[in-house]
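Subject: A structure for you to explore

Hi,

Here is the structure I promised to pass on to you. Have a look at it first, and then read my notes below.

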Amino acid sequence: MDFRHLGRSGMLVSEISYGNWITHGSQVEEDAATACVQAALDSGITTFDTADVYAGTRAEEVLGRALKGERRQGLEIFTKVFWPTGPGRNDRGLSRKHIMESIDGSLRRLQTDYVDLYQAHRYDYATPLEETMSAFADIVHAGKAHYIGVSEWKASEIRAAHALAKELRIPLVSNQPQYSMLWRVIEAEVVPTSEELGIGQIVWSPMAQGVLTGKYQPGQPPPAGSRATDEKSGAGFIARWLAEDVLTRVQQLRPLADQAGLTMGQLAIAWVLQNPNVSSAIIGASRPEQVRDNVKASGVKLDADLLKAIDEIVEPVTERDPAKTESPAQRP
């Protein structure tokens, strides 16, 4: 496993991190989830990403139990706050009230005294940014989080937050966007701004919800048991990638993966890691062997001709519009 600095901070993270968005507490049983975490640890992954909203807070609990007994100083544990975690009007968003209550809930569920990175899961247009950043500052200064990050924020929002973080003397070091060969909306604005400010990307869905593994065939129904068949935990997210033209072009990547000596999934992960602004790529898994397979993308260097060939294949179905980086206009 190779390691990278998280943005311009001094903290190193595994360039492949393990996330439990869709799986833990919902899609797979806890024994399987624990086995996946152990496979991640055995494979050299030290960075684990979750959020309070995942599986209605159960994902944090599962991860906390799976990591219990591990040397805490050898791990980087990330979580997030924004989406609803209860029925109340203040059980959501980035108000001071919700942030201060949410960090304590996350720490309790994760069975830790602090998280290494606490992230704003979306931008909250109903809360002044000064209020949000002040609450984050208090959490950092209290030792409950070491670093602050955001997720799916626009370049202008990242810039404004970074200025406040500098005034408040807290390290805003990361953004967590969706990023893959098929979804490149951060490249035009978010990445240049982040490079200027010393902010690194922790990217999610590098395999486009599994479509870039090549297991979804054009003209064929989704494989039984795949994410596309699970209405509770993934079918809605993957639907955009199941168009015939997308699936056809993805299959054209197979010879390139073979040429590089990689599986298609490994090629997809290695591709996002070629971007120097990417600090880590998040993978998920429902089986330990998926983890062991995906981590082989760490340290892979793709040559310029291969990258050009990939671009030529996927460009007609690639999304690049910066406006696609967005947060809800109103709190959910």
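Let's begin with two helices, α5 and α6 (residues 190-197), which pack at an angle of about 20 degrees with their axes 9 Å apart. Because angles under 35 degrees count as roughly parallel, α5 is roughly parallel to α6. Their crossing is right-handed. On the α5 side, the contact is made by Ala155, Ile158, Arg159 and His162, and on the α6 side by Val190, Thr193, Ser194, Glu196 and Leu197. Sorted by type, the residues of this contact come out as 4 nonpolar, 3 polar and 2 charged. If you are new to this kind of description, two packed helices are described by the angle between their axes and the distance between the axes.

Please keep in mind as you read on that this is a predicted model.

Next, the strands. Which strands make up the closed barrel? There are 8 of them, running β3-β4-β5-β6-β7-β8-β9-β10, and their pairing is parallel. From one strand to the next, the twist averages 30 degrees. As general background, strands of a sheet pair through backbone hydrogen bonds, either parallel or antiparallel.

Strand β3 is a good place to see how the barrel is joined up. With β4 (residues 47-49), β3 (residues 16-19) shares 2 bridges, and the two strands run parallel. Here glycine 19 stands opposite aspartate 49 of β4. With β10 (residues 278-283), β3 shares 3 bridges, again in a parallel arrangement. In this pair, tyrosine 18 stands opposite isoleucine 283 of β10. Are the two faces of β3 covered or open? Both are covered: Ile16 and Tyr18 on one side are buried, and so are Ser17 and Gly19 on the other.

Tyr18 also turns up among the neighbours of alanine 40, which touches Tyr18, Ile45, Phe48 and Val291, leaving aside residues up to four places away in sequence. Alanine 40 lies in helix α1 (residues 30-42). Its relative accessible area is 0%, so alanine 40 is buried. To get a feel for distances in the model, try selecting the C-alpha atoms of alanine 40 and glutamate 167: they are separated by 37 Å, and the two residues are 127 places apart along the chain.

Two loop residues may catch your eye. Threonine 57 has a positive phi of about 85 degrees although it is not a glycine, and arginine 169 has a positive phi of about 60 degrees, although it is not a glycine either. Threonine 57 lies in the loop between β4 and α2 (58-67), while arginine 169 is found in the loop between α5 (155-168) and β8 (172-175). Which of them is buried and which is exposed? Threonine 57 has a relative accessible area of 15%, so it counts as buried. Arginine 169, with a relative accessible area of 71%, is exposed.

Finally, here is another threonine to look up. Threonine 325 lies in the segment after α12 (304-314). Its relative accessibility is 2%, so threonine 325 counts as buried. Which residues does threonine 325 touch, not counting those up to four places away in sequence? They are Glu152, Trp153, Lys154, Val185 and Ile186.

Enjoy exploring, and write back whenever you like.

Best wishes

Methods:
Residues numbered from 1 in each chain as written. Predicted model: local features only at pLDDT ≥ 70, side-chain atom pairs only at ≥ 80, totals over all residues. Heavy atoms only, no water. Pairing = 2+ DSSP bridges. Helix = DSSP H or I, 4+ residues; strand = E, 2+ residues; numbered from the N terminus. Axes fitted to C-alpha atoms, helices over the stretch in contact; angles between N-to-C directions. Buried < 20%, exposed > 50% of the residue type's maximum accessible area, 1.4 Å probe, protein only. Parallel < 35°, antiparallel > 145°, perpendicular 65-115°, else oblique. Left-handed = near helix turned anticlockwise from the far one by under 90°. Contact = heavy atoms within 4.5 Å. Nonpolar A, V, L, I, M, F, W, Y, C, P; charged D, E, K, R; others polar.
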